[in-house]
Amino acid sequence: MTMTGLLKHAAIAASFTAACCAHAQVPDAARGQALYENHCQVCHTSKVHARVNRLPVSRAEIRDIVEKWQAQQKLAWRDSEVDDVVAYLNQTIYRFQR
Ligand code: HEC
């Protein structure tokens, strides 16, 4: 491969990497479900999310609570992982529009 060819190849590879990681920012409810089942269900069944006086009243509040629990459990989740669990809980249980 010529030098110009190599540079072109590197540029194409870089643009694929960018496409990969921009996409990974979209919350992934399936990954959220796995995280939730592994780390959160030890204490509560899904009933805790269906209480009459349940705590969150918006997506932002689900996020606050998930953030609090993951910190309490010392899980050191990244923001994207918190978002995945919020997406999972909102799609399956809370169904807040915002
Ligand atoms: C040590 C036990 C325990 C663990 C581990 C735990 N929870 Fe909880 N969770 C509770 C209890 C007890 C409540 C209800 C008490 C309350 O109102 O805070 C609760 C309530 C919640 C609520 C609010 C439910 C509602 O609709 O009112 C959310 C959301 C939640 N937990 C998410 C999580 C997530 C996400 C994790 C994992 C990172 C997690 N919890 C791990 C015990 C636990």
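**Ligand shell and packing of helix H4**

Helix H3 makes the greatest contribution to the shell around the ligand, supplying five residues. The model is predicted, so that local features require a pLDDT of at least 70 and side-chain atom pairs count only at pLDDT 80 or more, while totals for chains, interfaces and linings use all residues. Residues are numbered from 1 along each chain as its sequence is written. Helices are DSSP runs (H or I, at least four residues), numbered from the N terminus.

Both helix H2 (29–39) and helix H3 (59–72) provide at least two residues of the ligand shell. A residue is near the ligand if its C-beta atom, placed from the backbone, lies within 6 Å of it. Among the 20 residues around the ligand, those that come nearest are Cys40, Cys43, Arg54, Leu55 and Trp69. The shell comprises 13 nonpolar, five polar and two charged residues; here Ala, Val, Leu, Ile, Met, Phe, Trp, Tyr, Cys and Pro count as nonpolar, Asp, Glu, Lys and Arg as charged, and the others, Gly among them, as polar.

Helix H4 spans residues 79–94, and its buried residues include Val82, Asp83, Val85 and Leu89. A residue is buried if 20 or more other C-beta atoms, placed from the backbone, lie within 10 Å of its own. The cover over the buried residues of H4 includes H2 and H3. Aspartate 83, which lies in H4, is buried because 21 other C-beta atoms are within 10 Å. The C-alpha atoms of aspartate 83 and valine 26 are 8.6 Å apart, although 57 residues separate the two along the chain. Just after H4, arginine 95 adopts a positive phi of about 60 degrees.

The axes of H3 and H4, lines fitted to C-alpha atoms over the stretch in contact, come within 9 Å and cross at roughly 125 degrees. H3 is therefore oblique to H4. Arg59, Ile62, Arg63, Val66, Glu67 and Gln70 of H3 meet Val82, Val85, Val86, Leu89, Asn90 and Tyr94 of H4, contact being defined by C-beta atoms, placed from the backbone, within 7 Å. This contact has seven nonpolar, two polar and three charged residues.

The axes of H2 and H4 come within 7 Å and cross at roughly 95 degrees. H2 is therefore roughly perpendicular to H4, a description applied to angles of 65 to 115 degrees, whereas angles under 35 count as roughly parallel, over 145 as roughly antiparallel and the rest as oblique. The contact of H2 with H4 has six nonpolar, three polar and three charged residues.

Notes. A residue is buried if 20 or more other C-beta atoms lie within 10 Å of its own, exposed if 12 or fewer, and partly exposed in between; C-beta atoms are placed from the backbone. Two residues are in contact if their C-beta atoms, placed from the backbone, lie within 7 Å. Axes are lines fitted to C-alpha atoms, for helices over the stretch in contact, and angles run from 0 to 180 degrees between N-to-C directions.
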